[in-house]
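Here are my notes for a colleague who is reading this structure for the first time. They are set out as numbered points, to be read with the sequence and the model open alongside.

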Protein chains: 2
Amino acid sequence: MDQTTTAPLRRDIAEQVTARVLDGRLPAEARINEVRLAAELKVSRTPLREALVELTDRGLLVAEPRRGFRVPPLNLDEARKLYPLVGELESLALRWSAPQDLLGLTDPLERQIDDMRAALDDERGLAELDDRWHAMLLSACGNAHLMRIIAQTKPLLKRYDVLYFGGPERARRSIEEHRDILTAIRDGDLNRAARLLVQNWVNGAAYLGRPAGR
Amino acid sequence: MDQTTTAPLRRDIAEQVTARVLDGRLPAEARINEVRLAAELKVSRTPLREALVELTDRGLLVAEPRRGFRVPPLNLDEARKLYPLVGELESLALRWSAPQDLLGLTDPLERQIDDMRAALDDERGLAELDDRWHAMLLSACGNAHLMRIIAQTKPLLKRYDVLYFGGPERARRSIEEHRDILTAIRDGDLNRAARLLVQNWVNGAAYLGRPAGR
DNA sequence: AACGTGATTTCTGTATTCAGAATATCGGGC
DNA sequence: GCCCGATATTCTGAATACAGAAATCACGTT
């Protein structure tokens, strides 16, 4: 229960800062005032800075030599590159999963798809379910480094995902793509599944230009 | 010229610690004594810790909750997964390069291959040349995040590369593979080039079990 | 003699402090 | 009235200090 004693403080802080970047409390282009942020989070500057260094290394923040940390600008071009990147990374993880382990996942994956169909109008819940579906899909991949890279890359994309969610149209389409991926896995056709998975992410990028909602 | 004033201290430190891990001054399994290491590097603990956090995030070190930082054990299984991972990442970067930019690189790439042929007996120089060749090959890829991931992942692999270098046999083979990749690029066949690039890394892993040297 | 227990010491994790650079402000000159 | 420069303030980057946890070692007990 008492995870606080075992988890370093910087882990918590990194998560909280990530949350603030994703939900806009730390907006794009904003310079980070370390003392103020430390005060808000009720921690001192040292573990905060360790967390900021971590996030900078992952690309969620940028460090300017003598000017501190900043939230990088939102950049459509970057987003259009991030979606395929995550897609290819996940696709790789899928190809490197043991086929028999994947078959064992098909039933829970199918149930999650049903849950998503039932939550079509709840954008936030849908995004959460989508995340979980992908996480479950990749849970059979034994390549720890690849999984770490994926986990560290996805938050970069979430900045754009939140802003440009495509509404029920994209959701419906994405759910159908999930179903196709699942079918390919059941067919034992990992290559097809991997291709469809990339496509699922690439299609997500297609909704980027449009303002949020319907 | 004066880059020292603009580069954060932790950058230097991270590089020095990386070097120590790669050349064995910080051996596998070793716990890191922060005060001693800080003294050796003539810096204080704060920037040192920031560098250690960075390297931990990249997987070059591990952090055990209340016990500090450690150099992770060498693990053949991990190495066998790292080679294909780097291969796939580089392959992706190659596929995402602009073909015309790649064509502009073919001549310098060819010259580097000649240099490598001339340095067949100099293991250290050869490794350096190999690194530069791959760096040049990927210099046309505009996906900054992918390039960052690659740069951060390669050092993990270098731990094994140093230990298990396969000698002139592997070198000769690798050089021929480079030549084939170059040919594929000149043919405008990026897919073949990307496939060969993966294979180049996968073949590197084949030498893993064998002790260093001839 | 071996094992368990407690004190001591070492080391990490976090907080606070200090120095130097960048930026903003205010005053003077044109 | 506007621009330029000196001064003051703010903020980062680095060093030091402190508290708490873990490992080690010695001592006493069985």
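1. Before the residues beside the DNA are sorted, a convention is needed: Ala, Val, Leu, Ile, Met, Phe, Trp, Tyr, Cys and Pro count as nonpolar, Asp, Glu, Lys and Arg count as charged, and the others, with Gly among them, count as polar. With these classes, the residues of the surface near DNA strand C divide into four nonpolar, four polar and seven charged. Please keep in mind throughout that this is a predicted model.

2. Which residues are closest to DNA strand C? The strand is surrounded by 15 residues, and the closest of them come from both protein chains, namely Leu9(A) and Arg67(A) on one side of the list and Ile32(B), Arg45(B) and Pro65(B) on the other. Of the atoms of DNA strand C that come within 4 Å of the protein, 66% belong to sugar and phosphate. As for secondary structure, α3 (45-58) of chain A and α3 (45-58) of chain B each supply at least two residues of this surface.

3. Some individual contacts to DNA strand C can be followed atom by atom, and those listed here involve the protein backbone. A backbone N or O atom of Leu9(A) lies 3.0 Å from a phosphate oxygen of DNA strand C, and a polar backbone atom of Ser44(A) is 3.1 Å from a phosphate oxygen of that strand. From chain B, a polar backbone atom of Ile32(B) is 2.4 Å from a phosphate oxygen of DNA strand C.

4. DNA strand D deserves a separate reading. It is surrounded by 16 residues, the closest being Ile32(A), Arg45(A), Arg49(A), Leu9(B) and Arg67(B), while sugar and phosphate account for 58% of the atoms of DNA strand D that come within 4 Å of the protein. By class, the residues of the surface near DNA strand D are five nonpolar, four polar and seven charged.

5. Which elements contribute to the surface near DNA strand D? At least two residues each come from α3 and β2 (68-70) of chain A and from α3 of chain B, and the largest share, three residues, is supplied by α3(B). Among the backbone contacts, Ile32(A) places an N or O atom 2.4 Å from a phosphate oxygen of DNA strand D, and Leu9(B) places a backbone N or O atom 3.0 Å from a phosphate oxygen of DNA strand D. For Gly68(A), a polar backbone atom is 3.5 Å from a sugar or linking oxygen of DNA strand D.

6. Turning to the fold, chain A has nine helices and two strands, and along the sequence these follow the pattern α-α-α-β-β-α-α-α-α-α-α. The C-alpha trace of chain A spans about 55 × 40 × 30 Å along its principal axes. A compact globule of 214 residues would have a radius of gyration near 17 Å, and the 19 Å of chain A agrees with this.

7. Two packed helices are described by the angle between their axes and the distance between the axes. Within chain A, the axes of helix α8 (residues 167-186) and helix α9 (residues 190-206) come within 8 Å and cross at roughly 170 degrees, which means that α8(A) is roughly antiparallel to α9(A). The residues of this contact divide into six nonpolar, six polar and five charged; among them are Arg170(A), Glu177(A) and Ile181(A) in α8(A), and Arg192(A), Leu196(A) and Asn200(A) in α9(A).

8. How do helices pack between the chains, and at what angle do α4(A) and α7(B) cross? The axes of helix α4 (residues 76-95) of chain A and helix α7 (residues 144-163) of chain B come within 9 Å and cross at roughly 50 degrees, so α4(A) is oblique to α7(B). Glu78(A), Leu82(A) and Leu85(A) of α4(A) make the contact with His145(B), Leu146(B) and Ile149(B) of α7(B), a set with four nonpolar residues, one polar and one charged.

9. The chains can also be read the other way round. Helix α7 (residues 144-163) of chain A and helix α4 (residues 76-95) of chain B pack at an angle of about 50 degrees with their axes 9 Å apart, and therefore α7(A) is oblique to α4(B). Here His145(A), Leu146(A) and Ile149(A) of α7(A) meet Glu78(B), Leu82(B) and Leu85(B) of α4(B), and by class this contact has four nonpolar, one polar and one charged residues.

Key
Residues numbered from 1 in each chain as written. Chains lettered and ligands numbered in written order. Predicted model: local features only at pLDDT ≥ 70, side-chain atom pairs only at ≥ 80, totals over all residues. Heavy atoms only, no water. Near = heavy atom within 4 Å. Polar contact = N/O pair within 3.5 Å; in protein donor to acceptor, adjacent residues only side chain to side chain. Helix = DSSP H or I, 4+ residues; strand = E, 2+ residues; numbered from the N terminus. Axes fitted to C-alpha atoms, helices over the stretch in contact; angles between N-to-C directions. Parallel < 35°, antiparallel > 145°, perpendicular 65-115°, else oblique. Contact = heavy atoms within 4.5 Å. Rg over C-alpha atoms; globule rule 2.2 N^0.38 Å.
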